[in-house]
Amino acid sequence: MTTTARVLIAADKFKGSLTAVEVAERITAGIRRARPDASVESLPVADGGDGTVAAAVAAGFERHEVEVTGPLGAPVTAAFALREGTAVVEMAEASGLELMPPGVFAPLTATTRGTGELLLAAVEAGARAVVLGVGGSATTDGGAGMLEALGARFLDEDGDPVPHGGGPLVEMVSADLSGLDERLKDIQVVLASDVDNPLTGPKGAAAVYGPQKGAGEEDVQVLDAALTHFVQVMGDSVGPRAAETAEAPGAGAAGGIGYGALVGLNATFRPGIDVLLEVLGFAGALERADVVITGEGSLDEQTLHGKAPAGVAAASRKAGRPVLAVCGRLALDDKALKSAGIERAYALTDLERDAARCMSQAGPLLEQLAEHLAAERL
């Protein structure tokens with residue numbers, strides 16, 4: 001590379017340490033130390049989970065804040081991003097695990113109602129297309145709370161609304177989607193997720209992701225049975241499509257909110273990073289670049305399955321651009337990196353072996369790492 005290299009920074013957050021915007025800022029600062037004349041462009045990215053709205057705002061979308069129902073039922077302030085009729089709605093903003101008090105979980109009762117309210121607010125603000133980024137959820141309610149906020153009715157044998165959460169779905173005897181907001185029929189919804197699990201069963205929402213949300217073994221069984229029952233009752237309302245959709249890729253995403261979006265909103269499922277790269281204008285930025293720097297907190301096996309760095313690397317390789325990566329922790333060998341389209345990865349642990357210090361000093365260490373990368377490769 002020459003000293004006038006055009007660098008595109010397209011990295012995700014370092015979870016627990018730095019946002020994607022902060023990662024880009026630190027990498028830029030480090031590059032400037034070693035190569036002050038390099039041209040650096042930043043495009044923070046996300047895969048649909050935490051940080052998706054922030055990435056959209058950094059790319060020029062307008063941030064809108066609204067008060068919605070949080071995962072425990074109390075009000076929270078959440079944001080969506082909007083530009084030229086396209087809204088980016090991040091479920092973690094309204095129904096995320098990070099909204100829960102420290103050490104508190106509610107695997108059976110956490111609700112996605114706030115995500116529905118957030119989606120509705122985006123529609124009211126003029127959205128004609130919605131990218132629904134899902135991930136980082138505190139919920140396992142199959143998207144029932146979201147659909148209820150949009151006008152659906154889920155009733156028990158007494159004709160009363162079923163309580164919030166996945167557990168109470170077992171009490172449902174009727175599902176009525178006829179009251180869904182009429183405007184939704186004209187809205188194109190894309191379900192953006194890095195997860196392609198079905199709704200139920202051993203690879204379903206409860207079994208695979210329930211434990212992350214505080215679900216014990218018995219809770220997982222309760223939730224899986226409740227989601228199975230939910231599908232059966234939904235069948236009375238929408239027909240065979242209810243059961244077919246439960247098996248579709250993405251139905252189990254984020255506690256099953258994928259199912260709610262697919263069956264209730266006729267959403268299209270796509271890998272989150274692919275959708276976000278399109279929405280953020282990655283192709284144009286890539287054309288202006290000679291080399292791409294991507295990364296996230298931990299480069300590991302999960303990275304290879306739809307996470308942001310893998311998506312960035314795949315698109316960059318297709319365009320013939322070399323890709324370097326930065327991370328907090330590196331758990332992939334050279335062969336795995338090369339197969340993903342990453343020429344070399346640089347980890348904070350190369351500079352500081354103590355993981356706790358890597359987390360607490362991530363910013364300065366990343367600057368130092370970027371300076372070394374720039375001196376060596378740009």
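Residues are classed here as nonpolar (Ala, Val, Leu, Ile, Met, Phe, Trp, Tyr, Cys and Pro), charged (Asp, Glu, Lys and Arg) or polar, the last class taking the others, Gly among them. The structure is a predicted model, in which local features need pLDDT of at least 70 and side-chain atom pairs count only at pLDDT 80 or more, whereas totals for chains, interfaces and linings use all residues. Residues are numbered from 1 along each chain as its sequence is written, and side-chain values use heavy atoms, with hydrogens and water left out.

Strand pairing is described first. Helices (H or I, at least four residues) and strands (E, at least two) are DSSP runs numbered from the N terminus, and two strands are taken to pair if DSSP finds at least two bridges between them. An open sheet of six strands follows the order β3-β4-β5-β6-β9-β10, with mixed pairing. Its edges are formed by β3 (62-69) and β10, each of which has a single partner strand, so one side of each is left without a neighbour in the sheet. The twist in this sheet averages 30° from one strand to the next, where axes are lines fitted to C-alpha atoms (for helices over the stretch in contact) and angles run from 0 to 180 degrees between N-to-C directions. At one edge, β3 is joined to strand β4 (residues 75-83) by eight bridges in the antiparallel sense, and V66 stands opposite A78 in β4.

Strand β9 (188-193) is joined to strand β6 (residues 129-133) by five bridges, the two running parallel, and to β10 by four bridges, again parallel. A192 illustrates both pairings, since A192 in β9 is the bridge partner of G133 and also stands opposite R270 in β10. Five of the six residues of β9 are buried (under 20% relative accessible area; exposed means over 50% and partly exposed in between, with a 1.4 Å probe and protein chains only), so the strand is largely enclosed by the rest of the structure.

An open sheet of five strands has the order β2-β1-β11-β12-β13, with parallel pairing. Here β2 (39-42) and β13 (344-347) stand at the edges with a single partner strand each, so one side of each is left without a neighbour in the sheet; the twist averages 25° from one strand to the next. Within this sheet, strand β1 (residues 6-9) pairs with β11 in the parallel sense over three bridges, and L8 stands opposite V292 in β11.

Empty space was then examined on a 1 Å grid over the protein atoms alone, a cavity being a set of points where a 1.4 Å probe fits but cannot get out, and a pocket an open set with protein on both sides within 12 Å along at least five of seven lines; lining residues have an atom within 4 Å of a point. Grid points are joined across faces, edges and corners, and a volume is the space filled by probe spheres set on the points. The largest pocket has a volume of about 1200 Å³ and is lined by 45 residues, of which K15, D47, D194, Q302 and K307 lie nearest its centre. Two or more lining residues come from each of α6 (205-209), α9 (253-264), β10 (268-271), β11 (291-299), β12 (323-330) and α14 (355-360). By class, this lining comprises 15 nonpolar, 17 polar and 13 charged residues.

The second largest pocket holds about 250 Å³ of space and is lined by 15 residues, with L180, L184, K185, G264 and N266 nearest its centre. Both β9 and α9 supply at least two residues each to this lining, which by class has seven nonpolar, four polar and four charged residues.

One cavity of 30 Å³ or more was found, and the volume of the largest cavity is about 80 Å³. Among the residues that line the largest cavity are T111, D141, F154, H164 and M172, while helix α5 (residues 144-149) gives the most to the lining, with three residues. The classes in this lining are six nonpolar, four polar and two charged.

With a disulfide defined as a pair of cysteine sulfur atoms within 2.5 Å, the count comes to zero disulfides. C327 is in no disulfide, the nearest cysteine sulfur being that of C358, 9.8 Å away. C327 is buried, with a relative accessible area of 0%, and C358 is buried as well, at 6%.
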